Amino acid sequence: MSERPDDLLIDAQGEVAIRKRLTQVALGRVAADRSLRVGRLLDVATRTWKADQEIVFSGRRIAWVGDAGTYPGEIGERFAEPELSAVPGLGEVHKHIESSHLTPEFEAALVIPRGNTWTCEASHEFSNVRASHTLDYWLEARRQGSPLKIFPLPGSAVPPTAYEAGGSHLGHDEQDAFLRESLMVAGLDEVMDWPAIINADNPSHERLWGMIAATFARRGVVEGHAAGLRDLATINAFAAAGLASDHEAMTPEEFWDKLTHGLFMELRIHTMPEIIRDLVGRGLADWSQIAFATDDRSTNETLKRGATDLNVRTAIENGLSPEIAVQCVTINPARHMRLTPWVGTIAPGRFGDVVLLSDMQSFAIEKVWADGQEAAAGGTFTGPLPKIDWPDWARNTVQIGRTLTAEDFAIAAPRPEQTAEAAVLRPFHWTEDFLTFTLPVADGAVQRDPARNITKFSIVDRYSGAGKVARMFWLGCGPKTENSAVASSLAHDKHNVWCVGSSDAAMAMAVNALSETGGGWALVREGKLVATVRYEIAGLMSCRPAEGLAAEMDALYAEAAEMEWLYEPSFHPRWLPGFPERLGFATLTCAPWHWNLVAPNDLAPEGLVDIQTGRTHKVVW
């Protein structure tokens, strides 16, 4: 390939130079670098197949597409796949790469063999940790030659609510600067704090509307998050606010109501079968306002089940035509994100991303081209994998500041009696009130009650260096095994450290171990540290191949399988018995949550806060 650095990132000045060159190559006046001849090609704009097509590349872009043998100019290298069908590189309309727990260069190696060549990165996670480096982080792998195109959307939830302190802060001026800095920035990531949008007295009201204004001014896309917002009055208000999309619909009825009120609908895998069957049954003819979204998917799950390709296969298996399914991961998300000049179709001017299939109905991927050359074959990544030495601002992010002890997790009794009243939550507790239990007191501290599935949960501030700890009692989660605990720095969306344990000493041991590794997971069983998983980048990701990270996670799962775990059903259908991995999502502070635990701060001194109203409450009384 001709080395042209201006091909990697999109900026206005460089784009003009690229387009001038592509124009001359398309006319045959300047030689093309290579061509790819395919048995047939899907034109996603018209949903039609074209037989025996040739795709001509210049640098990392497509310069010409047409009937094989009719290109008017010279071609440096020719490749032919007459038995394979070509579709555009698959795109992610809404994904948190942080949830794969891989740095971008290793994310590319994981997902490109599965057809995913471009991603709209929903940067709530990294931006909460290092907001000022949002673009430095997400664009660096691309600058160094990674074939995965990442279009960052800086997070609106930075902080997630006004009732969470420490870490990063983004507002109008920062969003305006992001959008001005790079054309790769597609807009504003999912606006989640609905109470702050609709209530002028909410402390985050002006900050969020300022970010929306900055995005509108640069013609970016304002992504939405409408979890639990299902009545028509609220759906109308949500659309009226300019929040363009939703990926949280749980039922066919909710999905249809939002689709028919102007929202671009992003459909996730766990609700896809039922909703696809419903839409097909309705006879929906125009799917242009729908895309498939991965949102959050771990490395282990991706290795076992797939990436964007899994979303396509699931849709086809539930009755959607393969051609429409492909539109939902190519041209539809590109149109929504206003990225059609660069991705979404196999057409001149776009990046040279092509997925080659041996069978359309089963969506069997044989090879993937990215940036105008082969990047994967037979499920193996063959593209460039830059070696990036991530700097200290990406690595040294878990700043607890001191060694914690069992006393840090004790909850002092409010009075010298044998019992105390305690506020209790359970994972994904979406009702308006917390639970209240009478718990025993011993040695001046309120105690767990494992007979009733009540344990202790904590949030540890990892930003200030002061080691502040919020703790309370939770129902139906965490170790039942004595003197055991699990801790993680994956705690959506603020990403402080959460810990749940059957003893205070085990909780301190788990959090201290996590601090030493720079983030990730730590598991203590019967007073011994038995497993850790390292997320040394932002406390969220690891700079290594997917298989190495997956092996470490499997070792954690194996140790956890030797333990007993508390369990109570919750409102979330994906909250299941066993190792409580999804507690990393139970810390969310957005709709439909009311009460949750956050790190101690001036607005929530003990950490227990109703994120809808800002009300606080003691954890025991």
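Trainee: How many bridges join strand β11 to β12, and which way do the two strands run?

Mentor: Strand β11 (residues 264-267) is joined to β12 by 3 bridges, and the two run parallel. Note that this is a predicted model.

Trainee: What makes β11 and β12 a pair of strands?

Mentor: Pairing requires at least two bridges between the strands. β11 and β12 have 3, so they pair by that definition. Within this pairing, Met 265 has Ile 290 in β12 as its bridge partner.

Trainee: In what order do the strands of this open sheet stand?

Mentor: The order is β10-β11-β12, 3 strands with parallel pairing.

Trainee: Why are β10 and β12 called edge strands?

Mentor: β10 (245-246) and β12 (290-292) each pair on one side only. As for what holds such strands together, strands of a sheet pair through backbone hydrogen bonds.

Trainee: How do you know that Arg 61 and Glu 15 form a salt bridge?

Mentor: Their side chains meet with N to O at 2.8 Å. The cut-off is 4 Å, between a side-chain nitrogen of Lys or Arg and a carboxyl oxygen of Asp or Glu, so the pair qualifies. Arg 61 lies in strand β3 (residues 61-67) and Glu 15 in helix α1 (residues 12-26), so the salt bridge ties together parts that are 46 residues apart in sequence.

Trainee: Why is Glu 15 counted as buried or exposed?

Mentor: Glu 15 has 8% relative accessibility and counts as buried, because buried means under 20%. Arg 61, at 0%, is buried as well.

Trainee: Which class do Asp 52 and Arg 37 fall into?

Mentor: Asp 52 has a relative accessible area of 33%, and Arg 37 has 38% relative accessibility. Partly exposed runs between the 20% and 50% limits, so both residues are partly exposed. They too form a salt bridge, with the closest N and O atoms 2.8 Å apart. Asp 52 belongs to strand β2 (residues 48-58) and Arg 37 to strand β1 (residues 32-43), so this pair ties together parts 15 residues apart in sequence.

Trainee: Where do Arg 313 and Asp 309 lie?

Mentor: Both are in helix α12 (residues 308-317), 4 residues apart, which is about one turn of the helix. The closest N and O atoms of their salt bridge are 3.0 Å apart. Asp 309 counts as buried at 6% relative accessibility. Elsewhere, salt bridges with shared partners join Arg 60, Arg 142, Lys 149, Asp 353 and Asp 371 into one network. The salt-bridge count comes to 31.

Trainee: How do you know that Cys 477 is in no disulfide?

Mentor: Searching the whole structure finds 0 disulfides. For Cys 477, the nearest cysteine sulfur is that of Cys 499, 11 Å away. The limit is 2.5 Å between the sulfur atoms, so the pair fails. Cys 477 is buried, with a relative accessible area of 0%.

Trainee: Which residues of helix α5 are buried?

Mentor: In α5 (residues 172-181) they are Gln 175, Asp 176, Phe 178 and Leu 179.

Trainee: Why do you say that the buried residues of α5 line one face of the helix?

Mentor: Looking down the axis of α5, the buried residues fall within an arc of 160°, so they line one face. On the other side, Asp 173 and Arg 180 are exposed. The buried residues of α5 pack against α4 (134-143), β7 (149-154), β8 (187-191) and α7 (205-217).

Conventions. Residues numbered from 1 in each chain as written. Predicted model: local features only at pLDDT ≥ 70, side-chain atom pairs only at ≥ 80, totals over all residues. Heavy atoms only, no water. Buried < 20%, exposed > 50% of the residue type's maximum accessible area, 1.4 Å probe, protein only. Arc of directions from axis to C-beta. Contact = heavy atoms within 4.5 Å.
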